[in-house]
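Hi,

Here's the structure I said I'd pass along. Have a look at it first, and then read on for what turned up.

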Amino acid sequence: MTVEVERKFVCDAEIMGKLQDIGAECIGQRQFRDQYFDSPDFILTLKDFWLRCREGLWELKCPAVSGTTPDNDTETLCTRYREITSLPLIQSEVSKIIREHTAEGSESNSSQREQIDKVAENEDTEICTADDTKWLNDLNLVCFAEFKTERCSYTLERVAGAVRVDLDQADFGYCVGEIEVLVPEGGDMNAALQRITGIAVELGLSCEKKVKGKMDVYLQRYRPEHYAKLLSAHIL
Ligand code: TPP
């Protein structure tokens with residue numbers, strides 16, 4: 001399992017020149033379409049779990065438990081998420097969250113719970129590999145956000161290791177940059193945070209407050225009710 005440590009930044013017109021100046025190497029440009037899923041009452045995202053399908057590949061971003069005590073700026077500017085990319089693991093993790101939530105409420109019935117348990121045990125995975133939608137239906141998950149991104153990726157080789165920078169342009173008219181380090185399980189989280197801060201300094205990024213991601217802007221514009229719920233739960 002990998003933890004993605006990331007700091008978002010505002011992309012200005014000079015960013016590409018700055019990246020070149022500090023020795024960043026462009027490693028490619030690509031376009032992808034993302035679809036994000038949740039229950040109609042936002043069970044996953046209100047717990048800070050983000051279920052995504054990007055060009056047929058599934059990913060679940062889960063809140064990473066902080067094992068470190070970084071300084072305040074680093075803590076507020078960087079996010080940390082555990083990434084799960086195996087579909088059977090995603091299905092059992094998501095069913096667990098939904099099942100726990102359903103057990104708390106009184107609205108569930110036994111056939112709903114049976115459906116959820118089936119997905120948790122990956123019972124249907126083999127029968128319907130070609131059909132992505134059955135497990136989503138069984139868990140009552142719907143797509144709440146869909147957009148395309150044009151991404152330019154850069155890599156920066158530093159003594160402490162490589163750092164990646166992505167410049168994203170979403171099709172709904174929002175640009176954002178990301179400085180990113182992937183930390184393998186048990187890896188040094190503080191070192192990753194320091195590498196990110198180091199690159200931010202090299203790029204001359206001011207210690208601004210947290211920059212909005214693509215999802216913040218998307219939900220604010222197109223899903224104001226969902227956005228308001230996440231704001232009051234302090235997720236965004
Ligand atoms: N980014 C910030 C700055 N604050 C947050 N609370 C989140 C992300 C939570 N979050 C919202 S959407 C999402 C996450 C983890 C999934 C997409 O993550 P992101 O890394 O923005 O997308 P990508 O770069 O992979 O397109």
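A quick definition before anything else: when I say two residues touch, I mean that they have heavy atoms within 4.5 Å of each other. Also keep in mind that this is a predicted model.

Let's use that definition straight away on Q35. This residue sits in strand 2, and, leaving out residues up to four places away in sequence, Q35 touches L51, R52, C53, C143, A145 and E146. Is Q35 buried or exposed? Its relative accessibility is 18%, so Q35 counts as buried, given that the cut-off for buried is under 20%.

Now the fold around it. Eight strands close into a barrel, with antiparallel pairing, and going round the order is 1-5-4-3-2-6-7-8. On average, neighbouring strands of this sheet are turned by 35 degrees against each other, if you ignore direction. Packed on the sheet is helix 3 (residues 87-104), which touches strand 3, strand 4 (57-63) and strand 5 (78-84). The direction of helix 3 makes about 45 degrees with that of strand 4.

Going back to strand 2, which covers residues 25-38, here is how the pairing looks on either side:

- With strand 3 (residues 50-54), strand 2 pairs in the antiparallel sense over four bridges. D34 is opposite R54 of strand 3 there.
- With strand 6, strand 2 also pairs in the antiparallel sense, over 13 bridges. In this pairing D38 stands opposite V142 of strand 6.

Further along the order come two hairpins. Strand 6 and strand 7 form one with two residues between them, and their antiparallel pairing runs over ten bridges. Within that pairing, R158 stands opposite G161 of strand 7, while E150 has Q169 as its bridge partner in strand 7. The other hairpin is made by strand 7 and strand 8, with three residues between the strands. G173 in that hairpin takes a positive phi near 85 degrees. Strand 7 and strand 8 pair in the antiparallel sense over seven bridges, and E180 in strand 8 is the bridge partner of R164.

A second helix to look at is helix 7 (residues 214-222). Helix 7 lies across strand 2, strand 3, strand 6 (142-158), strand 7 (161-170) and strand 8 (174-184). Relative to strand 6, helix 7 runs at about 155 degrees.

On to the ligand, which is probably the part you'll want to open up. Which residues come closest to the ligand? Of the 18 residues that surround it, the closest are K8, R52, R54, E178 and K214. For three of these I have polar distances:

- K8: a side-chain N or O atom is 2.8 Å from an oxygen atom of the ligand.
- R52: here too a side-chain N or O atom is 2.8 Å from an oxygen atom of the ligand.
- E178: a polar side-chain atom lies 2.6 Å from an oxygen atom of the ligand.

As for how covered the ligand is, taken alone it exposes 570 Å², and the protein buries 94% of that. R52 comes up twice, by the way: it is one of the residues closest to the ligand, and Q35 touches it.

Last item: K134, found in helix 5 (residues 133-138). K134 has 32% relative accessibility, so it counts as partly exposed. Its C-alpha atom is separated by 9.3 Å from that of V119, a residue 15 places away along the chain.

Cheers

Note on methods
Residues numbered from 1 in each chain as written. Predicted model: local features only at pLDDT ≥ 70, side-chain atom pairs only at ≥ 80, totals over all residues. Heavy atoms only, no water. Pairing = 2+ DSSP bridges. Axes fitted to C-alpha atoms, helices over the stretch in contact; angles between N-to-C directions. Near = heavy atom within 4 Å. Polar contact = N/O pair within 3.5 Å; in protein donor to acceptor, adjacent residues only side chain to side chain. Areas by Shrake-Rupley, 256 points an atom, 1.4 Å probe, with all protein chains shown as cover. Buried < 20%, exposed > 50% of the residue type's maximum accessible area, 1.4 Å probe, protein only.
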